[in-house]
Amino acid sequence: MLAACILSGILMQYIVNSRKQRRLRLLAKLRAEEQAKIRLRTAEDFHDEIGNKLTRINVLTNVLKNKIELNPETTRILNQIEDNTAQLYGGTRDILWSLKPSNDTLYEILNRIRDFGIELYQDTEVNFSLTGIEDKWSSYRLPMDMSRNLLMIFKEALNNGLKYSGAKNVSVVVSMKTKGVLQMVLKDDGKGFERQTVKKGNGINNMHIRAERLKGKLYLDSRPGKGTIMNLTFKIPPNR
Amino acid sequence: MARDLDIRVAIVEDDETIRDGYAFLIGNTAGYKIVGTYPSCEDALKKIEHDDPDVLLLDVELPGISGIDALPKFKKLLPDTHILILTVYEQELLIFRALGSGAAGYLTKNTPPEKIVAAINEVMEGGGPMSAHIARMVISSFKRNDSSPLTRRETEILEQIATGKSRKRIADELFIDLETVKSHIKNIYHKLNVHSKADAIKAAKDNKFI
């Protein structure tokens, strides 16, 4: 009889305790979510501020072009100011994009890369395509740094293609290999480059570094006159 | 009063540097005339009818009455004016709502002045700027509702835009006039207008924005 009382006492204690633990966990979770929201709002506010100031610089630069004597030197400097603000603008745009919770899927990041390519080659004679994106990948969550590294690799690669290759066709083909490994192959039919003689500028090094961060493999193959192929494979983390 | 041939442009933008800069750059371009600049919708709504602009550049990220909320009021005062909304960053939902409320197109503020002028021209000729990104958004919005008000041809053109092809290239590939493509796009915008109010609300709910 006494044993039964003690036992039920212990049991009740256990139940009360675990309820308390659950409540504490819930509170902690809510607090974390609230903080995340505040952080997000702060980031967005700041980026809006950046965007506004960048626009001012942009507009003022254009007004200046209209008001001063233009010579090759001044034109060059003004264009550099414009290029830098454009890149900054693009950068903040990317960060804002990546902060939106609904964009953290494989589907969204691949479409982002596609939109980037389309916009980049928009007013040119180059045919750009990115194919192979599957709708079901909108349920594959990617950690934010993974998305960012992936985007930066392709921004670099596509920008280089535009600047140096003189290609008429640029294609990216995406496919999911077995065991959750994604493969992305970028091909262009441009003039290619000699690996040894190309200055190891920041671009290619950066791409390799980012591929490492993805824990993936990056192969770059190019020969003068034969175009360029870039092959990136990396593992998609399993869904939580 | 005789109307000269310049395109009449009005600007509503709260940032003074940007507002004055745009006024200078556009006003300085041959064929365009600035007929009014305002720091807010409230100010603009009082006087803009008298300005009689052909095109209105409207910032939609204003303090006070937002450009989006004021859009129907502007449309009422100026039924024949083309309204181009301005945003700092392309915000899908914002643009969608604006297009659905009667905007003729949108521009991001970091667009170089030549392209702003080109967009003004385009909208005067009946087309509206539509990026591949927005086209993709429109397509998925119609898919989301399981029924599309678009004709087969319009859907085809929209899908081509979504892949990033230029209007001229689409016209060439489909063996039709550039004018025909532009007019299809105009119809798409019109149907979007009718369709997207309800969808913008649904999209907001799905994305947990509201």
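Among contacts in chain B between residues at least 6 apart in sequence, what percentage join residues at least 24 apart? The figure is 63%, and I would like to keep that in mind while we go through the rest of chain B and then turn to chain A.

Before going further, I should say that what we have here is a predicted model, with an ipTM of 0.80 and a pTM of 0.77. For chain B the mean pLDDT is 83, and 88% of the residues in that chain reach 70 or more.

Let me begin with the overall layout of chain B. Chain B contains nine helices and five strands, and if you read along the sequence you meet them in the pattern β-α-β-α-β-α-β-α-β-α-α-α-α-α. The domain assignment divides chain B into domain 1, covering 7–124, and domain 2, covering 132–206, and the C-alpha centres of these two domains lie 23 Å apart. Of the 210 residues in chain B, 42% are buried.

Now to one helix in particular, α5 of chain B, which runs over residues 113–124. This helix has twelve residues, and from its first C-alpha to its last it reaches 17 Å, which is close to the 16 Å expected at 1.5 Å a residue. Which residues of α5(B) are buried? They are B:P113, B:I116, B:A119, B:I120 and B:V123. When we look down the axis of α5(B), those buried residues fall within an arc of 115°, and they therefore line one face of the helix. As for what they pack against, the partners within chain B are β1 (7–12), α1, β3 (55–59), β4 (82–87) and β5 (105–108), and together with these there is α1 (2–67) of chain A. Just after α5(B), the backbone at B:G126 takes a positive phi of about 100°.

That mention of chain A brings us to the interface, where 18 residues of chain B are in contact with 21 residues of chain A. On the chain B side, α1 (16–27) and α6 (132–144) each supply at least two of the touching residues, and α1(B) gives the most, with six residues. Sorted by class, this side of chain B has nine nonpolar, seven polar and two charged residues.

Let me finish with chain A, where the domain assignment gives domain 1 as 35–99 and domain 2 as 106–240. The centres of these two domains, taken over C-alpha atoms, are separated by 26 Å.

I have picked out two positions in this chain, and the first of them is A:A43, which is placed in helix α1 of chain A. With 14 other C-beta atoms within 10 Å, A:A43 is partly exposed. Its C-alpha atom and that of A:R93 are separated by 12 Å, the two residues being 50 apart along the chain.

The second position is A:D145, which lies in helix α4 of chain A, residues 144–165. Why does A:D145 count as exposed? A residue is classed as exposed if 12 or fewer other C-beta atoms lie within 10 Å of its own, and A:D145 counts as exposed because it has 12 C-beta neighbours inside 10 Å. Between the C-alpha atoms of A:D145 and A:T178, which are 33 residues apart along the chain, the separation is 23 Å.

Note on methods
Residues are numbered from 1 along each chain as its sequence is written. Chains are lettered from A and ligands numbered from 1 in the order in which they are written. This is a predicted model: local features need pLDDT of at least 70, side-chain atom pairs count only at pLDDT 80 or more; totals for chains, interfaces and linings use all residues. Domain bounds come from an automatic or database domain assignment. pLDDT is the predictor's confidence in each residue, from 0 to 100. Two residues are in contact if their C-beta atoms, placed from the backbone, lie within 7 Å. Helices (H or I, at least four residues) and strands (E, at least two) are DSSP runs, numbered from the N terminus. Ala, Val, Leu, Ile, Met, Phe, Trp, Tyr, Cys and Pro count as nonpolar, Asp, Glu, Lys and Arg as charged, and the others, Gly among them, as polar. The expected span of a helix is 1.5 Å times one less than its number of residues. A residue is buried if 20 or more other C-beta atoms lie within 10 Å of its own, exposed if 12 or fewer, and partly exposed in between; C-beta atoms are placed from the backbone. The arc is that of the directions from the helix axis to the C-beta atoms.
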